[in-house]
Amino acid sequence: GGRIEGDGSVGVSGPNAAMGGLFVGGGIDVEIGTGDVLQLDSGIVNDGMIRIRDTGSGFAVLRVVGTVTLEGAGSVVFETNDDCILEGADSESVLVVGPDQSVIAADVSRVGQSFLNAAMVNDGTLEVQGGLSLAGGTKTNNGLFRAIDGGEIEVRAADVMASRQASTWSS
């Protein structure tokens, strides 16, 4: 647990970084770079930005362990066009995206390179500006699920369920 506040960035280093029960302030960027894995093992209040940024050969991974709720008014961003992954540690792992939280595949992200490979309950916004491949686990949408400005969503091996007709598919 704890709090990260102020302005600045926090870099993840290595394949075994973990955080849970944490508050990430609005001026904070958490960056997961090439070869780094950040495990979320309990709820996070994220008012900042968690960036998944692979810029070289390898992967940048945000991994959900168990059921993890992501609250706050921040965002998780697939920020580059190479091997950015949000995954579940196993088939029982679920990411619950809170109502004011966003998961964004930035305009430089690509299908087949940016993966949402975890079960997810979206009560917030999933926005694809570039490309995002959905795989592994059921994606339940109670919020907004959209592709904009030519964005592309590829459903590889996932069930996508929408409630309350909240999904929008457009480009």
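This report describes the parallel sheets, the salt bridges and two residues with positive phi in a predicted model.

## The sheet from β2 to β20

One open sheet is built from seven strands in the order β2-β5-β8-β11-β14-β17-β20, and the pairing within this sheet is parallel. The edges are taken by β2 (7-11) and β20 (144-147), each of which has a single partner strand, so one side of each is left without a neighbour in the sheet. On average, and with direction ignored, neighbouring strands of this sheet are turned by 15° against each other.

Within this sheet, the stretch from β5 through β8 to β11 can be followed residue by residue. Strand β5 (residues 27-32) and strand β8 (residues 49-52) run parallel and are joined by four bridges, and in this pairing Ile-32 stands opposite Ile-52 of β8. On to strand β11 (residues 75-78), β8 again pairs in the parallel sense over four bridges. Here Ile-52 stands opposite Phe-78 in β11, while the bridge partner of Arg-51 in β11 is Val-77. Ile-52 therefore has a place in both pairings, facing Ile-32 and Phe-78, by the criterion that two strands pair if at least two bridges are found between them.

## The sheet from β3 to β21

A further open sheet, likewise made of seven strands, follows the order β3-β6-β9-β12-β15-β18-β21, with parallel pairing. Its edge strands are β3 (17-19) and β21 (152-157), each of which pairs on one side only. From one strand to the next, the twist of this sheet averages 20°.

One pairing of this sheet may serve as an example: strand β12 (residues 84-88) and strand β15 (residues 114-117) run parallel and are joined by four bridges. In that pairing, Leu-86 has Leu-116 of β15 as its bridge partner.

## Salt bridges across the strands

Side chains of opposite charge can pair when their charged atoms come close. Searching the whole structure yields eight salt bridges, among them the pair of Glu-31 and Arg-53, whose closest N and O atoms are 3.6 Å apart. This pair links distant parts of the chain, with Glu-31 in strand β5 and Arg-53 in the loop between β8 and β9 (60-64), 22 residues apart. Glu-31 is partly exposed because its relative accessible area of 31% lies between the limits of 20% and 50%, and Arg-53, at 25% relative accessibility, also counts as partly exposed.

A second pair consists of Glu-127 and Arg-146, with 2.5 Å between the closest N and O atoms. This salt bridge too links distant parts of the chain, since Glu-127 belongs to strand β17 (residues 125-128) and Arg-146 to strand β20, 19 residues apart. What is the exposure class of Glu-127, buried or exposed? With a relative accessible area of 10%, Glu-127 is buried, whereas Arg-146 counts as partly exposed at 26% relative accessibility.

## A pair in β21 and a shared network

Glu-154 forms a salt bridge with Arg-156, and their closest N and O atoms are 2.8 Å apart. Glu-154 is partly exposed, with a relative accessible area of 23%, and Arg-156 is partly exposed as well, with a relative accessible area of 48%. Elsewhere, salt bridges that share partners join Asp-29, Glu-31, Arg-51, Arg-53 and Glu-79 into one network. Arg-51, a member of this network, is the residue whose bridge partner in β11 is Val-77.

## Positive phi in two loops

Two aspartates call for a check of their backbone angles. Asp-83 has a phi near 45°, a positive value in a residue other than glycine, and is found in the loop between β11 and β12. At 16% relative accessibility, Asp-83 counts as buried, because buried means under 20% relative accessible area.

Asp-149 likewise has a positive phi, of about 50°, although it is not a glycine, and its place is in the loop between β20 and β21. How is Asp-149 classed, buried or exposed? Its relative accessible area of 71% makes Asp-149 exposed, because the class begins over 50%. The two aspartates thus fall into opposite classes, Asp-83 being buried and Asp-149 exposed.

Notes
Residues numbered from 1 in each chain as written. Predicted model: local features only at pLDDT ≥ 70, side-chain atom pairs only at ≥ 80, totals over all residues. Heavy atoms only, no water. Axes fitted to C-alpha atoms, helices over the stretch in contact; angles between N-to-C directions. Salt bridge = Lys/Arg side-chain N within 4 Å of Asp/Glu carboxyl O. Buried < 20%, exposed > 50% of the residue type's maximum accessible area, 1.4 Å probe, protein only.
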